[in-house]
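Trainee: Could you take me through one part of this structure up close? I would like to look at the aromatic rings and how they pair.

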Amino acid sequence: MSMKDRMHTGELYLPGDEEILTEQIKKLDRLYDFNMTRPTELDKRDKLLKEMFAEIGEGCYIEPPLHTNFGGAHVHFGKSVYANFNLTLVDDTHIYVGDYTMFGPNVTVATAGHPILPVLREAAYQYNMEVRIGRNCWIGAGAIILPGITIGDNTVVGAGSVVTKDLPSNVVAVGNPCKILRPIGERDREYYFKDRKIDFDSLK
């Protein structure tokens, strides 16, 4: 099995392999083009994202700068995904994100890890574990999602959280390490922020 094949199996491999680097540098060139677009060049951004990403649905918006290891080549976005400034996708293997999910600024989603054993790190070995984020999630500013994590639908991850374990659907989770604070419930149908009530009549 080649080093490139091992990228998606969870096995140890060498990311400095020539075949991998040759492909990676081409992808990063396209990422550079995306990050150099002007705010008025929305059509150009859309076109580039469709070339860069493994999959990207309609209505997605990613605010440059975007940082990715493989230019989005292993990223699968549903429709209407929104990402604020400085989204970092360590996409050495696959990252799946469901429809309508939102990322605050400075979020990191990492698939890559390195062995604890020092001699293996010295030899530059790495492993990758895919990440799955559900539909209609909100990942707060500065959150970090570690390799191998799955987050269920509708879940909110608080700002600055470090997600070290899977999270189910329909919860608010916060902290380092990230833990479930509470389920999403009836109060959330009435209040959108602290004591601020939702005025449904004023909404479209």
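Mentor: Happy to! Let's begin with the rule: rings of Phe, Tyr and Trp (its six-membered ring) pair if their centres lie within 6.5 Å, and planes under 30 degrees apart count as stacked, over 60 as edge-to-face. Please keep in mind that this is a predicted model. By this rule the chain has three aromatic pairs. One of them joins Phe-53 and Phe-77 edge-to-face, with 5.2 Å from centre to centre and 75° between the planes. Now find where these two sit: Phe-53 is in the loop between α3 (42-52) and β1 (55-56), while Phe-77 belongs to strand β4 (residues 75-77), so the pair links distant parts of the chain, 24 residues apart. Both rings are tucked away from the surface: Phe-53 is buried, with a relative accessible area of 5%, and Phe-77 is buried as well, at 4%.

Stay with Phe-77, as it also pairs with Phe-103. This second pair is stacked, at 6.2 Å centre to centre and 20° between the planes. Phe-103 lies in strand β8 (residues 102-103) and Phe-77 in β4, so the pair ties together parts that are 26 residues apart in sequence. Phe-103 is buried too, just as Phe-77 is. Put together, the ring pairs link Phe-53, Phe-77 and Phe-103 into a cluster.

Finally, step back to the whole chain. Four helices and 21 strands make it up in part, and buried residues account for 37% of its 204 residues; Phe-53, Phe-77 and Phe-103 are among the buried ones.

Definitions and conventions. Residues are numbered from 1 along each chain as its sequence is written. This is a predicted model: local features need pLDDT of at least 70, side-chain atom pairs count only at pLDDT 80 or more; totals for chains, interfaces and linings use all residues. Side-chain values use heavy atoms; hydrogens and water are left out. Buried means under 20% relative accessible area, exposed over 50%, partly exposed in between (1.4 Å probe, protein chains only).
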